[in-house]
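Work through the exercises below with the model open. Each one sets a task and then solves it step by step.

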Amino acid sequence: MPPLALPPEDRTLSPCTGWTRAHWEAVADGLLAAAGEHAGPECALINLPGDRPSLSGRRSDGLEGYARTFLLAAFRVAGADGEDPRGLLPRYAAGLAAGSRTPTTERDLVDGDHVSWPLITDRGQALVEAASIAVGLRLTRRWLWDRLDGQTRDQVRAWLAPALHVTHVDNNWWLFPAMVGAFLAETGGPAGADPDADGAALRAVEQGLAKIEQWHRGGGWYTDGRPRAFDHYNGWAFHLYPVLHAHLSGDGKLLDTHGRRLASFLGSYARTFGTDGAPVHQGRSLIYRFAATAPLWAGSLSGHTPLTPGTTRRLASGALRYFLDGGALDADGLLTLGWFGPYPPMVQSYSGPASPYWASKGFLGLLLPADHPVWTAVEEPGPAETADAVVALPQPGWLIQSTAADGLVRLHNHGSDDQPDDQVLPDSPLYARLAHSTATGPVFDGPPDNHFGLVVGGELSERGRIQPLGTGGGWAASAHCPRIGGVELDGVTITSLVLASGADEVHIHLVTGAEPGTEVRQSGWAPAGGDVHSASDHLRATATRPGCTPLASTLQCLQGFTEAACHPLPTGTAFGPQGAVPVLTGRTPTHGPALLIAASRLSGPTPHPFQAAHVTTEGRTVRVLWPDGSEHHAVLGPTEVTVTAIPQKG
């Protein structure tokens with residue numbers, strides 16, 4: 001597979017990225033051509049190479065390859081008003097006929113059957129893929145579905161029908177039967193089917209849309225089934241499916257409801273993209289990469305967005321370029337299981353070789369015609385490029401901190417833990433960290449980054465369930481009961497507060513109930529992806545990645561910590577091999593609670609040397625004077641925080 005054949009950059013129309021609609025079309029064509037090389041007999045299954053099948057097995061992985069690339073093909077053809085010079089739809093039509101002919105419960109590709117799709121069963125992956133197929137069929141109905149013979153249409157309807165009744169995961173999966181139901185309601189049930197088939201299809205749509213209401217926390221932010229599971233599924237599932245369904249069905253009332261919600265979400269979501277195009281590296285399924293652009297395009301498609309057309313395209317094209325320039329494609333032009341190249345630690349067990357092609361959702365913008373302002377307007381800078389900002393997001397319990405000089409975005413996490421409501425699971429590095437960013441990934445193998453914990457019996461405590469305590473002007477806070485080996489430390493509570501200004505952070509922790517002399521550790525950001533240099537003294541530790549994209553992480557003791565060091569990360573992070581993380585250590589006092597304070601900074605090239613804020617304390621009251629003259633005053637108690645922000649004088 002040759003490299004992507006891209007047209008020349010257009011720095012007049014797209015001064016930030018150089019990319020235009022023609023680049024998006026070229027990338028779509030390249031992705032489809034590369035995946036198509038691996039189509040099986042009759043094009044029913046597309047089994048991409050890889051020695052790591054998903055939990056669902058090779059047959060399901062082959063269906064994923066078909067369904068997820070079909071969605072991309074559907075955007076490509078529907079966006080070209082049915083023009084299909086590369087003959088995409090005939091191949092996918094053949095796959096529909098063959099895959100649905102004799103569906104099977106067989107998980108693996110047994111001899112003699114490399115064609116049949118898996119049946120849609122309870123909590124089965126086929127339900128997820130059925131939704132992509134249903135959406136793709138709605139998009140291309142005039143050019144594909146309406147031209148199929150009656151037998152094939154009946155086969156496909158019969159294969160899809162169980163999606164309306166099977167049990168499934170209690171989260172965004174409710175939207176999958178809804179998407180299938182929407183298609184079946186438009187096209188009718190198979191010959192001889194249940195006479196209530198149309199009613200069942202409509203109920204699936206209604207139930208799915210009704211169910212997600214209980215997870216909406218306001219401002220367009222949804223938790224993904226669990227009490228506090230905020231991540232990218234907000235954009236590429238909870239907003240994408242309802243808005244696209246409303247658009248395709250012409251339901252103005254539904255579009256107004258979900259469009260307004262989407263617009264509110266985009267006002268904050270747009271702040272999570274760095275100047276280099278990177279989305280924040282947080283949450284599961286990050287192998288979907290530029291699917292993170294789907295809600296940006298949905299805003300333009302629905303007419304509900306606070307972003308200008310030029311900013312929308314700049315953010316989306318920036319993200320697509322970021323991943324492709326970073327090496328997301330292998331030598332054969334296939335998306336890999338990772339962030340840039342392959343990175344197995346970040347991959348969930350439900351993912352297989354074709355799973356990254358949910359990134360197809362990022363091509364939603366191709367549904368907008370070439371003369372739409374989102375394609376014709378001159379690119380405009382994104383929020384992270386225009387000015388420094390610290391913005392509180394109360395619904396997920398996040399504080400978004402961005403700096404224009406280096407284009408970095410940092411997400412301080414005091415509200416998302418992905419913990420179920422009936423038990424506490426081990427910390428996930430993708431959710432439990434105190435902070436995530438557009439330039440660093442969590443450490444899977446080594447000392448955890450951006451973490452505060454106690455060391456008991458040689459083990460570092462986990463955060464467990466997060467109790468949000470609020471967000472506000474330049475601050476976010478939470479509390480948790482530290483856990484070791486799955487058990488809470490009896491009577492111990494940690495109350496954590498982050499204060500932010502410019503590129504600088506101050507982290508404050510109040511530890512109550514711990515044994516005197518208990519070791520405490522605070523870690524910072526973990527640069528990776530090159531020859532990371534480390535430097536430390538007893539009060540400050542810095543990890544620096546030199547090169548064309550330099551990055552520095554500094555962590556300094558302000559109160560309570562007594563030693564600073566940088567710990568090497570030989571296996572690096574999703575951002576590359578080799579890395580380091582700064583760590584502070586100290587001990588709880590002999591009497592009373594412990595108040596520990598550290599200054600931190602993650603920065604790219606900057607003319608300003610690290611200068612920690614001036615911090616004074618009196619009991620549990622902390623006063624922070626920032627270099628720009630503004631202040632924060634905070635009072636911490638067990639599971640409670642009061643913060644006052646005082647602007648710069650004059």
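A pocket here is an open set of grid points with protein on both sides within 12 Å along at least five of seven lines, and its lining residues have an atom within 4 Å of a point. The model is predicted.

**Exercise 1. Describe the largest pocket: its volume, its lining and the elements that contribute to the lining.**

Step 1. The volume of the largest pocket is about 1100 Å³.

Step 2. Its lining has 46 residues, and those closest to the centre are Arg 123, Gln 125, Val 169, Trp 173 and Tyr 350.

Step 3. Two elements, H2 and helix H4 (125–139), give two or more residues to this lining. H2 supplies the largest share, four residues.

Step 4. By class, the lining of the largest pocket divides into 19 nonpolar, 15 polar and 12 charged residues.

**Exercise 2. Do the same for the second largest pocket.**

Step 1. The second largest pocket has a volume of about 500 Å³.

Step 2. Of its 23 lining residues, Asp 276, Tyr 322, Ala 439, Arg 545 and Thr 549 lie nearest the centre.

Step 3. Helix H11 (residues 309–326) gives the most to this lining, with three residues.

Step 4. The lining of the second largest pocket is made up of 11 nonpolar, eight polar and four charged residues.

**Exercise 3. How many cavities of 30 Å³ or more does the structure hold, and what lines the largest cavity?**

Step 1. There are three cavities of 30 Å³ or more. The largest cavity has a volume of about 80 Å³.

Step 2. Residues that line the largest cavity include Trp 221, Asp 231, His 232, Phe 265, Tyr 269, Gln 282, Trp 398 and Leu 411.

Step 3. Helix H8 (233–249) and helix H9 (252–269) each supply at least two residues of the lining.

Step 4. The class count for the lining of the largest cavity is six nonpolar, five polar and one charged.

**Exercise 4. Locate the largest nonpolar core and the residues with the most contacts inside it.**

Step 1. In soluble globular proteins, nonpolar side chains tend to be buried together.

Step 2. In this model the largest nonpolar core has 139 residues, and Ile 133 and Phe 363 have the most contacts inside it. Helix H2 (residues 58–79) provides the largest share of this core, 11 residues.

Step 3. Another core, of 22 residues, lies apart from it; among its residues are Ile 484, Ile 494, Ala 564 and Ala 580.

Step 4. Leaving out residues up to four places away in sequence, Phe 363 touches Trp 24, Val 27, Ala 28, Leu 31, Leu 72, Phe 75, Phe 290 and Leu 320.

**Exercise 5. For Cys 43 and Asp 81, give phi, then the place in the chain, then the exposure.**

Step 1. Cys 43 has a phi near 65°, a positive value in a residue other than glycine. Phi of Asp 81 is also positive, near 55°.

Step 2. Cys 43 is in the loop between helix H1 (21–36) and H2. Asp 81 is in the loop between H2 and helix H3 (88–99).

Step 3. Partly exposed covers the range between under 20% and over 50% relative accessible area. Cys 43 has 21% relative accessibility, so Cys 43 counts as partly exposed. Asp 81 has a relative accessible area of 54%, so Asp 81 is exposed.

Terms used
Residues are numbered from 1 along each chain as its sequence is written. This is a predicted model: local features need pLDDT of at least 70, side-chain atom pairs count only at pLDDT 80 or more; totals for chains, interfaces and linings use all residues. Side-chain values use heavy atoms; hydrogens and water are left out. On a 1 Å grid over the protein atoms alone, a cavity is a set of points where a 1.4 Å probe fits but cannot get out, and a pocket is an open set with protein on both sides within 12 Å along at least five of seven lines; lining residues have an atom within 4 Å of a point. Grid points are joined across faces, edges and corners, and a volume is the space filled by probe spheres set on the points. Ala, Val, Leu, Ile, Met, Phe, Trp, Tyr, Cys and Pro count as nonpolar, Asp, Glu, Lys and Arg as charged, and the others, Gly among them, as polar. A nonpolar core is a set of buried Ala, Val, Leu, Ile, Met, Phe, Trp, Tyr and Cys residues joined through side-chain atoms within 4.5 Å. Buried means under 20% relative accessible area, exposed over 50%, partly exposed in between (1.4 Å probe, protein chains only). Contact means heavy atoms within 4.5 Å.
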